[in-house]
Amino acid sequence: MTRARFRALLLLLSLMAAAALALAGDRGRQKALSARPPERRPTLLLLTSLPILFGEGFSLNGGGSPVLKRLQARYRVEPISITDPEELAKGRLLLMAQPQAQIAENLVALDAWLRGGGRLLLLADPLLEWDSDRPLGDLTRPSLMFMDTGLLAHWGLRLESPDQPGAAERQLGGYRVLTRSPGALFGACTISADRLVAHCRLGRGVATIVADADVLNVAKLGSFGQRNLDGLIAELASLEQS
């Protein structure tokens, strides 16, 4: 092989490597889903212990969190506090973000709603790092760990705590996002290579489980904040289409 051909080969390999890196990076920079006009926004049920609807002081002066504003650009957000049949009947799509523990009857209702055709995005964090001024034991404080009570096992999943705490980049909805001490999912569902996300088909319903809730703490995520919300919206959109 001549030197000219050798240099050309090296150049070609370099270009191929650069293209591969760019393609991988583009997943974190793809175009975000746009807002919908009010008349086209479906109902999104929201159950969470996180300060998404209100701040810890329950003040309305702030106009809502960045997460809530982003959700409201595409959905009519309907807060619920429990997963009983009456509350679940209000919608077909449910976002549960680090929810408080539900009693057994409401877990049964949630499972029946899901298998009957519901769509669920569950953010279940085994090691939440969301700062709170409320004391431990306060029922209004975000749950430090996801209160499973057998729900994930019933769906054939296992959620494990991280081996090492700290920030970690993962994939959510096709975006590279920043998580804080994410857990790992194992089981019978379709699970992402990084163990962050599980997609489960249950009866006529679909559940997407994410092993981190700090992904929504956008105030602490710097440049990743909006990208994390892009990933959240993309996962909800995928559930709508499933």
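In this predicted model, helix α4 buries N106, L107, A109, L110, D111, W113 and L114. The cover over these buried residues includes the helices α3 (85-88) and α5 (151-154). It also includes the strands β3 (93-97), β4 (119-123), β10 (197-202) and β11 (205-210).

The length of α4 can be checked against its residue count. The helix comprises twelve residues, 104-115, and at 1.5 Å a residue it should span 16 Å. Its end C-alpha atoms lie 17 Å apart, so the model agrees with the expected span. After α4 comes G117, which has a positive phi, near 130 degrees.

From the helix the account passes to the nonpolar interior. In soluble globular proteins, nonpolar side chains tend to be buried together. The largest nonpolar core here has 60 residues, and L94, L123, I209 and L216 have the most contacts inside it. Helix α6 (residues 225-241) gives the most to this core, contributing six residues.

L94 deserves a separate description. Leaving aside residues up to four places away in sequence, L94 touches L44, L45, L46 and L47, together with I80 and L88. Its other contacts under that condition are L110, W113, R119, L120 and L121. Two of these partners, L110 and W113, are among the buried residues of α4.

The strands β10 and β11, already named as part of the cover over α4, also belong to a run of antiparallel pairings. Strand β9 (residues 190-191) pairs with β10 in the antiparallel sense over two bridges, and I191 stands opposite A198 in β10. The hairpin of β9 and β10 has five residues between the strands, and R195 takes a positive phi near 70 degrees there. β10 in turn runs antiparallel to β11, to which six bridges join it. Within this pair, L202 stands opposite G205 in β11. The hairpin that β10 and β11 form has two residues between the strands, and G203 in the turn has a positive phi of about 60 degrees.

There remains the question of enclosed empty space. Rolling a probe the size of a water molecule over the atoms shows where such space is left. How many cavities of 30 Å³ or more does the model contain? The count comes to one, and the largest cavity holds about 60 Å³ of space. Its lining consists of M96, P99, Q100, A101, Q102, L107, F146, M147, D148, T149 and L151. Of these lining residues, L107 leads back to the starting point, as one of the buried residues of α4.

Terms used
Residues numbered from 1 in each chain as written. Predicted model: local features only at pLDDT ≥ 70, side-chain atom pairs only at ≥ 80, totals over all residues. Heavy atoms only, no water. Helix = DSSP H or I, 4+ residues; strand = E, 2+ residues; numbered from the N terminus. Expected span 1.5 Å × (residues − 1). Buried < 20%, exposed > 50% of the residue type's maximum accessible area, 1.4 Å probe, protein only. Contact = heavy atoms within 4.5 Å. Core = buried A, V, L, I, M, F, W, Y, C linked by side-chain atoms within 4.5 Å. Pairing = 2+ DSSP bridges. 1 Å grid on protein atoms, 1.4 Å probe; cavity = no way out; pocket = protein on both sides within 12 Å on 5 of 7 lines; lining within 4 Å. Points joined across faces, edges and corners; volume = space filled by probe spheres on them.
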